[in-house]
Amino acid sequence: MKFVPHLKDVIPYAAGTPIEVVMKQYGLQKVVKLASNEAPLPPFPEVMDVITEKFNDLNRYPDAECRDLKAALADRHGAAPEEVIVGNGSCELILWLSLILLEPGTEAVFSDPAFLMYEAVTRARGATAVKVPLNGFANDLDALAQAVTKNTRLLFLTNPHNPTGAYLPYPQIEAFAEGLPGDCVLVLDEAYNEYVEEEDSQAGLDIRRRLENVVVLRTFSKIYGLCGLRVGYGFCDPRVREAVDKVRQPFNVNMLAQAAALKALSLEERLQERRALNREGRRQLYDGLKALGLEYVPTQSNFMLVNVEGLPVPADEVPEELMKRGVIVRPGRPLACPGCIRVSVGTPAENSFLLEKLSELK
Ligand SMILES: Cc1ncc(COP(=O)(O)O)c(C=O)c1O
């Protein structure tokens with residue numbers, strides 16, 4: 001077999017370990033997963049109802065164009081349906097953008113650390129990954145701008161950032177976007193947008209409306225609690241959507257996912273409850289971590305970076321020690337944050353469980 005040569009440079013995405021695997025491995029009855037920035041609560045009951053109703057139609061293909069969902073998303077966010085792309089998670093949208101924009105000789109620029117998919121898709125295309133260190137825990141817009149060359153076709157910017165949770169005000173992002181060459185597509189990845197508590201949180205969409213080389217990505221995986229069904233969406237120039245339509249498989253978003261996302265979108269006001277739960281959970285974790293003498297990065301998201309170097313256990317062993325005790329967190333080292341763990345905000349009981357297990361390591 002002769003695989004394409006640049007595959008040798010790709011590091012496969014390492015996902016958080018599933019709960020059942022940890023239960024079996026350590027013989028545990030109770031395991032709490034705070035590793036993948038998932039919603040701690042199941043989807044709304046109304047969403048589950050539409051999913052079960054759709055079971056009867058599963059002998060049919062889903063709508064290949066996601067017409068209803070695109071129309072609802074366009075309506076909600078002030079776009080035209082032709083400007084909406086819907087994918088099997090926003091991961092799929094990131095992949096498509098790499099397919100239509102990258103090839104050997106081109107470059108993609110993003111922060112280091114950043115969401116691991118950016119590097120994987122860039123390398124899989126044989127393009128060059130240009131990684132720009134963060135300024136503290138935040139994206140360094142000046143350094144990112146300086147890293148752009150005539151060969152840069154993609155620039156991924158996550159706000160709030162993953163894995164740090166740091167947030168940049170949109171006026172700064174707007175000035176940055178305006179300075180980019182037209183051939184460089186700015187992908188504003190807003191996977192955690194709905195958790196942001198800042199006034200300007202929706203301004204990324206305004207930037208997208210003004211600048212044709214800006215794509216905004218969002219997802220139903222986080223606050224909507226639908227990551228198991230896989231639906232992400234994006235707003236872009238219609239030419240980007242046309243290009244994407246040439247590379248995507250026709251039925252990429254399954255029927256249950258389309259119906260669930262559409263229903264979830266109609267329950268927008270209920271997101272307040274989830275946002276409040278996350279806000280209180282962040283506060284609970286901040287207070288608990290402070291009491292344990294552990295430093296953390298203040299977050300605008302549903303996860304946070306915690307510095308565990310203060311514990312007697314070596315930082316790299318903390319995830320394993322927590323796992324043995326029934327808590328799955330994300331090790332910092334593979335995320336280029338050695339000395340840290342990344343923890344998702346859970347329910348109050350889950351957050352307490354994490355804090356209790358961390359205190360056992362003291
Ligand atoms: C920054 C960022 N972008 C995109 C995604 C992908 O989300 P999904 O494919 O579930 O929509 C994630 C998932 O964790 C993420 O952290």
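Student: Which residues surround the ligand most closely, and how many are there in the shell?

Tutor: A residue is near a molecule if its C-beta atom, placed from the backbone, lies within 6 Å of it. Here 13 residues surround the ligand, and the closest are Gly89, Ser90, Cys91, Thr219 and Ser221. Please keep in mind that this is a predicted model, in which local features need pLDDT of at least 70, side-chain atom pairs count only at pLDDT 80 or more, and totals for chains, interfaces and linings use all residues. Residues are numbered from 1 along each chain as its sequence is written.

Student: How many residues of helix H4 (residues 90-101) are buried?

Tutor: Helices are DSSP runs (H or I, at least four residues) numbered from the N terminus, as are strands (E, at least two). A residue is buried if 20 or more other C-beta atoms lie within 10 Å of its own, exposed if 12 or fewer, and partly exposed in between, with C-beta atoms placed from the backbone. By that count nine of the 12 residues of H4 are buried, so that the helix is mostly covered; among them are Ser90, Cys91, Glu92 and Trp96.

Student: What is the largest nonpolar core, and which helix gives the most to it?

Tutor: In soluble globular proteins, nonpolar side chains tend to be buried together. A nonpolar core is a set of buried Ala, Val, Leu, Ile, Met, Phe, Trp, Tyr and Cys residues joined through C-beta atoms within 7 Å. The largest one in this model has 100 residues, and those with the most contacts inside it are Leu155, Val187, Val215, Ala261 and Val306. Helix H10 (residues 255-266) gives the most to this core, with eight residues. Because 10 of the 12 residues of H10 are buried, the helix is largely enclosed by the rest of the structure, and Ala261 is one of those buried residues.

Student: What is valine 306 in contact with?

Tutor: Two residues are in contact if their C-beta atoms, placed from the backbone, lie within 7 Å. Leaving aside neighbours within four places in sequence, valine 306 is in contact with Leu289, Leu294, Tyr296, Cys340, Ile341 and Val343.

Student: Which domains does the assignment give, and how many residues does each bring to the contact?

Tutor: Domain bounds come from an automatic or database domain assignment, which here gives domain 1 (5-30 + 270-360) and domain 2 (60-267). The contact takes 24 residues from domain 1 and 24 residues from domain 2. On the side of domain 1 that touches domain 2, helix H11 (271-291) and strand S10 (303-307) each give two or more residues, and H11 gives the most, with five.
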